[in-house]
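User: Please take a close look at a single part of this model. I am new to it, so begin with that part and then show me what surrounds it.

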Amino acid sequence: AQLNAPGRERNMFLSSNWKKQLKERKKEPKKRKKVPENRNYLSVGGGEGIAVTAGKTAIIAMDCEMVGVGLGGERSALARCSIVNFRGEVLYDKFIQTLEKVTDYRTEVSGIRPGDLNSPKAIPFRQCQQEVSKLLERRVLVGHSVDNDLKCLMLDHPKNLLRDTAYHKPLCPKRPKALKKLVKIHLGKTIQSGEHSSVEDARCTLELYKSVMDTWEKQEINKRHLGGTGMFTKKRKRQHSDAKGAGSGTPAGQAKSVDTGDLSTPKIKIGHSSSGKKVKKSKKKHKRKSKTNKKRA
């Protein structure tokens, strides 16, 4: 078919089966853009001076190294924070400038030296706090005595999203154990032989969690269903009390029956007549009748 437009000529050719071709084109799935496998979702400077990249996962593990501040270095302050994803890849690893003057670097344990905190790679505490809080948001956090790490970061995390290996009974039945002992017992590895590495500790904590993950998560699901915590606690308690009432033989909300001891007479419910109709007792009517009786007398 040829169409002559005013001012210029255009030739258009339409095939006889154009309707069929149009339907087939609609059925074809849209081609998605290919995403490279090693895509970097987050890139941050490492505490060891190395740029690290990894992908975020729903479960992450965290470990922190502390230095001593105050008189005699008795109080702990955050000096390094490391976070790994579920595959053990480093998500975050940075040295942090302390808010107070460091009096004890605890190098033999923490592995922190004055040059680490005075280097240009060390970040302010507030910046670390904001970055870590974004990473922790809506994620399951695994750690060993993780409350201490959160305390030094001055952050809170929902209890139902915390997995602390120091207080999990299958791992520590009687009392909390050191991470070094737990890793030796359950994983057969030796760690912390010298200076500690927060990345290594976070990875080992994650491996401990993975060894008991199935049973641990089942327990957490059961807790939610039983109504130990959550918004349906009161409702579940009511349902539980109703079920108890049904089990005892008297449905909830119904009057109890009184046994007169005589087998020939049927059991009568309190507040009901023998026919089963409700008996209404009014105090006002009773008072009026007594007054009229006195007047007649």
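Analyst:
**Helix α6 and its surroundings**

On the side of α6 facing away from its buried residues sit Lys181 and Ile185, both exposed. Here exposed means over 50% relative accessible area, buried under 20%, and partly exposed in between (1.4 Å probe, protein chains only). Helices (H or I, at least four residues) and strands (E, at least two) are DSSP runs, numbered from the N terminus.

The model is predicted, so local features need pLDDT of at least 70 and side-chain atom pairs pLDDT 80 or more, while totals for chains, interfaces and linings use all residues. Numbering starts from 1 along each chain as its sequence is written, and side-chain values use heavy atoms, without hydrogens or water.

Now turn to the other side of the helix. Which residues of α6 are buried? They are Leu179, Leu182 and Val183. Viewed down the axis of α6, they fall within an arc of 100 degrees, so they line one face of the helix. (The arc is that of the directions from the helix axis to the C-beta atoms.) Helix α7 is included in what covers these buried residues. The cover is counted by contact, meaning heavy atoms within 4.5 Å.

What follows the helix? Gly188 comes just after α6, with a positive phi of about 70 degrees.

The loop between α6 and α7 brings in charged pairs. Lys189 makes a salt bridge with Glu207 (a side-chain nitrogen of Lys or Arg within 4 Å of a carboxyl oxygen of Asp or Glu); their closest N and O atoms are 2.9 Å apart. Lys189 belongs to the loop between α6 and α7, and Glu207 to helix α7, so the pair ties together parts 18 residues apart in sequence. Both ends are partly exposed: Lys189 has a relative accessible area of 35%, and Glu207 has 31%.

That loop also holds one end of another salt bridge. Glu195 and Arg113 meet through their side chains, at 2.6 Å from N to O. Glu195 sits in the loop between α6 (179–187) and α7 (198–211), Arg113 in the loop between α2 (107–110) and α3 (114–118), and the two are 82 residues apart, so this pair links distant parts of the chain. Glu195 is partly exposed, at 40% relative accessibility. Arg113 is partly exposed too, at 39%.

Next, look ahead of α6. Ala166 lies in the loop between β10 and α6. Is Ala166 buried or exposed? It counts as buried, with a relative accessibility of 1%. Leaving aside residues up to four places away in sequence, Ala166 touches His144, Ser145, Cys172, Pro176 and Lys177. Thr205 is 39 residues from Ala166 in sequence, yet their C-alpha atoms are 9.5 Å apart in space.

Helix α5 (residues 146–153) offers a second example of a helix with a buried side. Its buried residues are Val146, Asp149, Leu150, Cys152 and Leu153. They cover an arc of only 160 degrees around the axis, which puts them on the same side of α5. What do they pack against? The partners are strands β5 (59–69), β6 (75–84), β9 (140–143) and β10 (162–164), along with helix α4 (125–136). Met154 comes just after α5, with a positive phi of about 60 degrees.

Strand β6 takes us to one more charged pair. Arg80 and Asp93 form a salt bridge, with 3.0 Å between the closest N and O atoms. Arg80 lies in strand β6 and Asp93 in strand β7 (residues 90–95), so the pair ties together parts 13 residues apart in sequence. Arg80 is buried, at 6% relative accessible area. Asp93 is buried as well, at 3%. By the rule above, the salt bridges come to eight.

Finally, step back to the whole chain. It has ten helices and twelve strands. Of its 297 residues, 31% count as buried. Among contacts with a separation of 6 or more, 55% join residues 24 or more positions apart.

To return to the part in focus: α6 has Leu179, Leu182 and Val183 buried, with α7 among what covers them. Lys181 and Ile185 are exposed on the face turned away.
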